[in-house]
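Student: Please take a close look at the salt bridges of this protein. I would like to know which residues form them and how exposed those residues are.

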Amino acid sequence: MFVLLLILIVVLFGLGFLSPVWWVAAAVLVFSATRHGRDRGGGWIRGDGSDLGDYRDYEHRRDRQDRWDRRYSRRNRARWRREDRRDQERSG
């Protein structure tokens with residue numbers, strides 16, 4: 001749906017060189033699509049709510065990355081090395 005809207009806007013903008021009314025139509029279409037998407041949490045630009053799922057996926061990836069960074073930060077590496085040395089001394 002977004003691609004069709006984008007093509008329509010480009011065509012209307014191109015027709016604007018023939019008559020400025022087409023530029024106004026393209027501007028109104030862009031404004032209404034972005035406003036509708038922002039107000040209702042959906043709309044033409046945002047699709048059928050699929051962006052919400054994409055954002056949740058992004059949040060999960062970001063949270064996993066934060067946990068990874070906290071767990072495997074430089075501060076903890078020295079502690080792991082000490083623990084590895086102790087484990088090696090115990091085993092061998």
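Tutor: What follows goes through the two pairs, then sets them against the whole protein. This is a predicted model, in which local features need pLDDT of at least 70, side-chain atom pairs count only at pLDDT 80 or more, and totals for chains, interfaces and linings use all residues. Residues are numbered from 1 along each chain as its sequence is written, and side-chain values use heavy atoms, with hydrogens and water left out.

A salt bridge here is a side-chain nitrogen of Lys or Arg within 4 Å of a carboxyl oxygen of Asp or Glu. By this rule there are 2 salt bridges.

One joins Arg-90 to Asp-87, with the closest N and O atoms 3.6 Å apart. Both residues lie in helix α4 (residues 74-91), and because they are 3 residues apart there, about one helical turn separates them. Helices are DSSP runs (H or I, at least four residues), numbered from the N terminus. Arg-90 is exposed, at 66% relative accessibility, while Asp-87 is partly exposed, at 41%. Buried means under 20% relative accessible area, exposed over 50%, and partly exposed in between, with a 1.4 Å probe and protein chains only.

The other joins Arg-62 to Asp-63, where the closest N and O atoms are 3.9 Å apart. Arg-62 is partly exposed, at 31% relative accessibility, and Asp-63 is partly exposed too, at 32%.

As for the whole protein, there are 4 helices and 0 strands (a strand being a DSSP run of E, at least two residues). Of its 92 residues, 13% count as buried.
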